[in-house]
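Me: I'm new to this structure and would love a close look at a single part of it. Could you walk me through the pocket and then what lies around it?

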Amino acid sequence: MKGILFNEYGDLYRCSFDDDKRSGKPSIMLITQGLPVKRLEEFDNDQEISGLNYRLLCLNGEPASSLTVAMLLGTVMANPVGYIDDDMRRSLAIMQRLKVECDKEPLCLQFSVDSKINIHGEKVYSFTVSEPDTEVRVVDEVKSNDMYDLFTCIHAYLGVLQMEAEVPIASVSLYAKDDLLEEIEPSDKKIFNIINGQKQN
């Protein structure tokens with residue numbers, strides 16, 4: 001079996017999956033053009049990046065689901081290497097190079113915004129994204145010391161997902177405590193169809 005895997009930095013690799021009869025564990029071989037053919041674990045060790053988590057983007061010859069593409073971009077956003085927009089575009093460019101298509105099924109995304117006080121007594125804002133019907137986590141926690149910066153990330157994510165990955169979004173909802181809602185700019189609230197369960201005009 002062959003497929004495309006991605007890690008938390010948005011790197012994508014074509015791999016084959018076989019059962020290792022000696023260990024009883026699945027063996028993942030890297031078979032991406034231009035890279036050495038070896039076990040994925042060995043490749044990571046050679047790059048001194050051991051311990052990365054990998055997810056399946058799609059099986060060979062199948063399109064990636066809109067949800068999985070949203071997860072890929074969300075993973076990149078939660079673990080940026082450079083500018084978030086550029087990092088997300090880089091992952092989409094690798095997808096295109098690997099000839100991976102997206103099924104472009106419409107998504108419903110639920111953003112949950114929260115805040116906590118850190119050990120230095122500073123307020124830290126964060127958000128996660130889930131798919132409301134299945135409660136699947138699409139984006140792990142993204143943090144910022146500033147609400148403006150937090151929403152810059154949200155705008156960038158939705159922009160790249162819709163405009164560049166061409167994933168249609170059926171609805172975008174927001175859940176946040178009332179005191180946090182007061183801190184969110186009215187212009188930022190306009191991107192949401194539903195806020196705390198209430199449909200917006």
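Reply: Happy to! In this predicted model, the largest pocket is lined by Leu 92, Ala 93, Met 95, Gln 96, Lys 99, Val 100, Glu 101, Cys 102, Lys 104, Glu 164, Ala 165 and Glu 166. Its volume comes to about 300 Å³. Sorted by character, the lining has six nonpolar residues, one polar and five charged. Helix H3 provides the largest share of that lining, with four residues.

Let's follow that helix for a moment. H3 runs over residues 84-97, and Ser 91 is part of it. Is Ser 91 buried or exposed? Its relative accessibility is 0%, so Ser 91 counts as buried. Setting aside neighbours within four places in sequence, Ser 91 is in contact with Gly 10, Leu 12, Leu 72 and Val 76.

One of those partners, Leu 12, leads us to the protein's largest nonpolar core. That core has 52 residues, and Leu 12 is listed among those with the most contacts inside it, together with Leu 57, Leu 109, Phe 111, Phe 127, Tyr 157 and Leu 174. The helix that gives the most to this core is H4 (residues 147-164), with 10 residues.

Phe 111 is a good place to look around in the core. Again leaving out neighbours within four places in sequence, Phe 111 has contacts that include Phe 127, Ile 154, Tyr 157, Leu 158, Leu 174 and Phe 192. Apart from this core lies another one, of seven residues, including Cys 15, Phe 17, Leu 30 and Leu 40.

Definitions and conventions: Residues numbered from 1 in each chain as written. Predicted model: local features only at pLDDT ≥ 70, side-chain atom pairs only at ≥ 80, totals over all residues. Heavy atoms only, no water. Core = buried A, V, L, I, M, F, W, Y, C linked by side-chain atoms within 4.5 Å. Buried < 20%, exposed > 50% of the residue type's maximum accessible area, 1.4 Å probe, protein only. Helix = DSSP H or I, 4+ residues; strand = E, 2+ residues; numbered from the N terminus. Contact = heavy atoms within 4.5 Å. 1 Å grid on protein atoms, 1.4 Å probe; cavity = no way out; pocket = protein on both sides within 12 Å on 5 of 7 lines; lining within 4 Å. Points joined across faces, edges and corners; volume = space filled by probe spheres on them. Nonpolar A, V, L, I, M, F, W, Y, C, P; charged D, E, K, R; others polar.
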